[in-house]
Amino acid sequence: MKNRIRLKGRIKTYLNFAIYLGILLCAVDMALFMLDFRAGLLTLAFTIFYFVITLMLYFYNKPIIMNELISFATEYGQIQRKLLRDLDIPYALLDENGKVIWTNVAFENVIHQPKGYSKSITSLFTTITRDKLPNDAGMDEAQYELAYEQKQYVAKFHRISLKEMAENSDMIDAQGYDGYLIAMYLFDETALRIALQEVDDQSLSVGLIYLDNYEEALASVEEVRRSLLIALIDRKVNKYISALDGISKKLEKDKYLVILRKKTIAQLQATRFDLLEEVKTVNIGNEMAVTISIGIGLDGLSYAQNYEFAHNAIDLALGRGGDQAVVKTPGSITYYGGKSQQVEKNTRVKARVKAHALREIITGKDRVLVMGHRMADVDSFGAAVGIYRIAQTLERRVHIVLNDATTSVQPLVDLFKNNPEYEEDMIINNQQAIELAGSNTVLVVVDVNKPSITECPELLRYCKSVVVLDHHRQGTETIENATLSYVEPYASSSCEMVSEILQYTYDNIKIRTEEADCMYAGIVIDTNNFMTKTGVRTFEAAAFLRRNGADVTRVRKLFREDAMEYKAKADAVSQAEIYKQYFAISICTADDLPSPTIIGAQAANELLNIKGIKASFVLTDYQGKIYVSARSIDEVNVQIIMERMGGGGHLNIAACQMENVGLLEAIGILKSTLDTMLANREI
C-alpha cells in the first residue's frame with residue numbers, strides 16, 4: 001500500500017467545508033423540486049456548477065497547501081532547532097547507550113568540546129554510568145548531582161520514546177520499533193550552593209564547657225592561690241573562644257555556655273579540640289591538672305534544639321569519664337579526646353543518693369529482675385548477686401537472668417545452685433524472665449549500658465521501671481528512659497559500685513559468704529588483682545566485703561585454670577606480633593575450650609607485661625564472630641579504638657565483635673584502624 005501524507009484534525013475539516021456545503025445545496029435542491037420544478041432545475045444547474053468549480057479548486061489547491069504546510073513545518077522545526085541550539089541551559093541528546101549524539105552551544109561551553117562531540121557521557125562525568133540513565137525497564141527520568149571543573153550541577157535526564165513518536169506519525173511505519181533517546185539538561189547550582197553553604201556556616205551552634213575536677217583541683221592548691229587558678233582558667237577559656245569569634249558566658253563556678261558559628265566548629269574539629277590540652281597547661285602549683293569536658297550541639301531545627309543537643313553531648317562526655325569533647329547533630333555523635341585517666345571521686349555522696357533512690361524504686365514494686373550483659377563475666381554476675389541481696393533484704397521477689405554460664409562464671413553459679421539457702425528460681429533464663437516481667441516489676445541492669453548486648457534486650461520493653469548500674473564509658477547507644485541511671489566510669493568494677501550501694505540501702509545489712517565471695521571476685525577480676533583502675537574506694541569496697549565473709553583464698557581457688565586453658569593462653573602470648581613497635585596483636589585458637597573469649601582477654605592482659613608494649617589486642621574466632629579483646633596500661637585509650645570498630649569499654653579495657661569476616665581480614669581492619677588513628681593523632 002502506497003504511503004501518503006494525509007491531513008487530519010481541524011485543517012482537514014476546514015478544507016472539506018466547501019464539499020460539505022455542496023451536499024447541503026443538493027438537499028435544498030431536492031426540496032425545491034418538490035415545491036417548484038423550474039426552480040429546482042435552476043438550483044440543480046447552480047449546484048452542478050458549484051461542484052465542478054469546488055472539486056477543481058480542491059484537487060488543484062490541495063498539493064499546494066500540503067507543500068506550504070510542509071515548508072512551514074520545516075521552517076518551524078529549524079526555528080525550534082535554532083532556539084534549542086542557542087538555549088542558555090546546557091542541553092544534549094544521548095542514545096540509549098549513553099553516547100552523545102547532539103549538543104547545544106551552552107553544553108559545549110561547559111565541557112569545552114567542539115560541535116560534534118560523540119563519546120560516552122561517562123567520559124565527561126565519571127559518576128554517570130549507563131546503569132544510572134533512564135531505560136526501557138520503567139525508569140523514564142533521573143536526576144543526579146555532579147561536580148565538574150569546580151562547579152556544581154544538577155543533571156536531569158528524560159527518556160524520549162521514538163516508538164511513540166513513530167506510532168503517531170502517518171509517514172513512518174513503527175511496527176517492531178522500540179528505540180529511544182535521552183535528553184540531558186545541566187543546571188548550574190554553584191552560586192546557590194555557595195550561598196547555602198555560607199548561610200549554613202554562619203548558623204549558630206551551642207556549646208557547654210564543664211570543669212571535670214573543679215573541687216579536686218582547688219583542693220590541691222593552697223587557699224590563697226585558688227582565686228588565681230580560677231581566674232587563669234576563665235581567661236584561658238574566654239581567650240580561646242574569643243579568638244574563634246565566639247561568645248562564652250560563665251553559668252556557674254565550673255560551667256560555661258558557649259555560642260559559636262558552625263564554621264568555627266569545623267575548625268575545632270580539625271584541631272581536635274586542642275582547648276582540652278591547653279587548659280591542662282594552667283599550673284600555679286596545683287598537683288592535679290585541670291581537665292574539661294565539651295559538649296557541642298548543632299544542625300538542630302532551632303536554637304533550643306541545639307541547646308538540648310549540647311546538654312546530651314556534655315552528659316555523654318561526662319559519662320565517658322570527662323577530658324573529651326562530644327559533638328552531637330541530629331544524625332551523628334562524634335567524640336574527641338578522652339586520653340587521660342578518670343579521676344576517682346573521694347566523696348560517696350552520689351553513691352548514697354543513688355542507693356536511697358534504688359531503695360525507693362524497689363520497695364514500690366513487687367518483683368525485681370536483674371540482668372547483665374551477654375556471655376556474663378564475673379563482675380556482671382557478682383553485681384547481680386549484690387542487687388539480689390538488696391532486694392531480698394527489702395523483702396521482694398528477685399531473680400537473676402542468666403542463660404548460659406561461661407566457664408569463668410560457672411564456679412560462682414554452682415555456689416547457689418542446689419543450695420538450700422537460696423530459691424530454686426533464683427537464676428532464670430530469658431523466657432522465664434519475659435513471663436515474669438510486667439508493670440509491677442523493676443529491671444536492674446548491671447555492668448552494661450548498651451541495650452543491644454544485654455542478656456535479654458526484650459526485657460527493656462516489657463519492664464516500665466529500669467535501673468542501670470554500670471562502670472563502662474557511655475557510647476552512642478544507651479538505655480533510654482531509665483528510671484535511675486548510675487554510670488561511673490572511674491569505678492573499677494560494677495561490684496565496687498554495688499558494694500557501696502549495699503552499705504547505704506539498709507542499715508546493718510547482712511551479706512552471706514557466697515555473695516561476698518562473688519562480689520569480691522568481680523573486683524579482683526576487673527582490676528586484674530588490684531593492678532588496674534584501683535583507687536581508694538576500690539580497697540574500701542574490698543575491705544567491706546572482707547568484713548562480711550569474703551575469703552581471698554577461696555576466691556583464688558575458684559578461678560584456677562586447667563592445663564588446657566593455661567596452654568591456650570601461653571600459645572596466644574607466644575604468637576604475638578609486635579606492630580608499629582608499641583602494639584601487640586595475637587590470635588587465640590582455643591577452639592576446644594568452652595569459653596575461648598575469656599582466654600583471649602587473659603592473654604591480652606599478659607601481653608601488657610612485655611616491655612615497650614602500650615596496647616595489646618587478641619582476636620578470637622568463636623561462634624561465627626571475631627571477638628577482639630583490647631588492653632592498655634595508661635598511654636593508649638583502647639576504648640576509642642574499639643569504638644571505631646563498633647565496640648566500646650574503658651580507656652584501658654575494651655572489646656568489640658566483628659561479623660562476616662575472617663581472622664586475617666579482622667587483623668587487617670585492626671591494623672588499618674591503628675594506622676588511621678595514629679596518622680590523625682587520635683591515639
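Mentor: Let's start with how a helix is judged: its expected span is 1.5 Å times one less than its number of residues. Helices here are DSSP runs of H or I with at least four residues, strands are runs of E with at least two, and both are numbered from the N terminus. We are looking at a predicted model, in which local features need pLDDT of at least 70 and side-chain atom pairs count only at pLDDT 80 or more, while totals for chains, interfaces and linings use all residues. Residues are numbered from 1 along each chain as its sequence is written, and side-chain values use heavy atoms, with hydrogens and water left out.

Trainee: Then let me try helix H18 (residues 513-526): how far apart are its end C-alpha atoms?

Mentor: H18 has 14 residues, and at 1.5 Å a residue these should span 20 Å. The model agrees with this expectation, because the end C-alpha atoms of H18 are separated by 20 Å.

Trainee: How many of the 14 residues of H18 are buried?

Mentor: Buried means under 20% relative accessible area, exposed means over 50%, and partly exposed lies in between (1.4 Å probe, protein chains only). Glu515, Asp517, Met519 and Tyr520 are among the buried residues. They belong to a set that packs against several elements, including helix H17 (494-505), helix H19 (536-547) and strand E23 (653-659). H18 is mostly covered, and its buried count is eleven.

Trainee: Which residue just after H18 takes a positive phi?

Mentor: Look just past the end of the helix, where phi is about 55°. The residue there is Asn528.

Trainee: Which helix gives the most to the largest nonpolar core?

Mentor: A nonpolar core is a set of buried Ala, Val, Leu, Ile, Met, Phe, Trp, Tyr and Cys residues joined through side-chain atoms within 4.5 Å. The largest one here has 57 residues, and Phe381, Ile387 and Leu469 have the most contacts inside it. Nine of its residues come from one helix (residues 378-393), namely H13.

Trainee: What does Ile387 touch, leaving aside its neighbours within four places in sequence?

Mentor: Contact means heavy atoms within 4.5 Å. On that basis, Ile387 is in contact with Leu358, Val370, Val444, Val446, Leu469 and Val498.

Trainee: Over to the open sheet E7-E8-E6-E9-E10-E11: which strands are its edges?

Mentor: Strands pair if DSSP finds at least two bridges between them, and the pairing in this six-stranded sheet is mixed. An edge strand pairs on one side only, which here picks out strand E7 (247-252) and strand E11 (333-337).

Trainee: Which residue in E10 is the bridge partner of Gly297?

Mentor: Strand E9 (residues 292-297) and strand E10 (residues 324-328) run parallel and are joined by four bridges. In E10, the partner of Gly297 is Lys328.

Trainee: And what angle does helix H11 (residues 303-319) make with the direction of E6?

Mentor: Axes are lines fitted to C-alpha atoms, for helices over the stretch in contact, and angles run from 0 to 180 degrees between N-to-C directions. H11 packs on the sheet, touching E6, E8, E9, E10 and E11. Its angle with E6 is about 30°.

Trainee: Is Gln474 buried or exposed?

Mentor: Gln474 sits in the loop between strand E16 (465-470) and strand E17 (484-487). Leaving aside neighbours within four places in sequence, its contacts include Asp315, Asn449 and Glu643. With a relative accessible area of 16%, Gln474 therefore counts as buried.

Trainee: How many aromatic pairs does a search of the whole structure find?

Mentor: Rings of Phe, Tyr and Trp (its six-membered ring) pair if their centres lie within 6.5 Å; planes under 30 degrees apart are stacked, over 60 edge-to-face, and the rest tilted. The search gives a total of 14.

Trainee: What is the angle between the planes of Tyr50 and Phe51?

Mentor: Their centres are 6.3 Å apart, and the pair is edge-to-face. Tyr50 counts as buried because its relative accessibility is 18%, whereas Phe51, at 22%, is partly exposed. The angle between the two planes is 80°.

Trainee: Last one: which residue stands opposite Leu93 in E2?

Mentor: Strand E1 (residues 91-94) and strand E2 (residues 100-103) run antiparallel and share three bridges. In their hairpin, Gly98 takes a positive phi near 90°. Opposite Leu93 stands a residue that ring pairs link into a cluster with Tyr91, Tyr185 and Phe187: Trp102.
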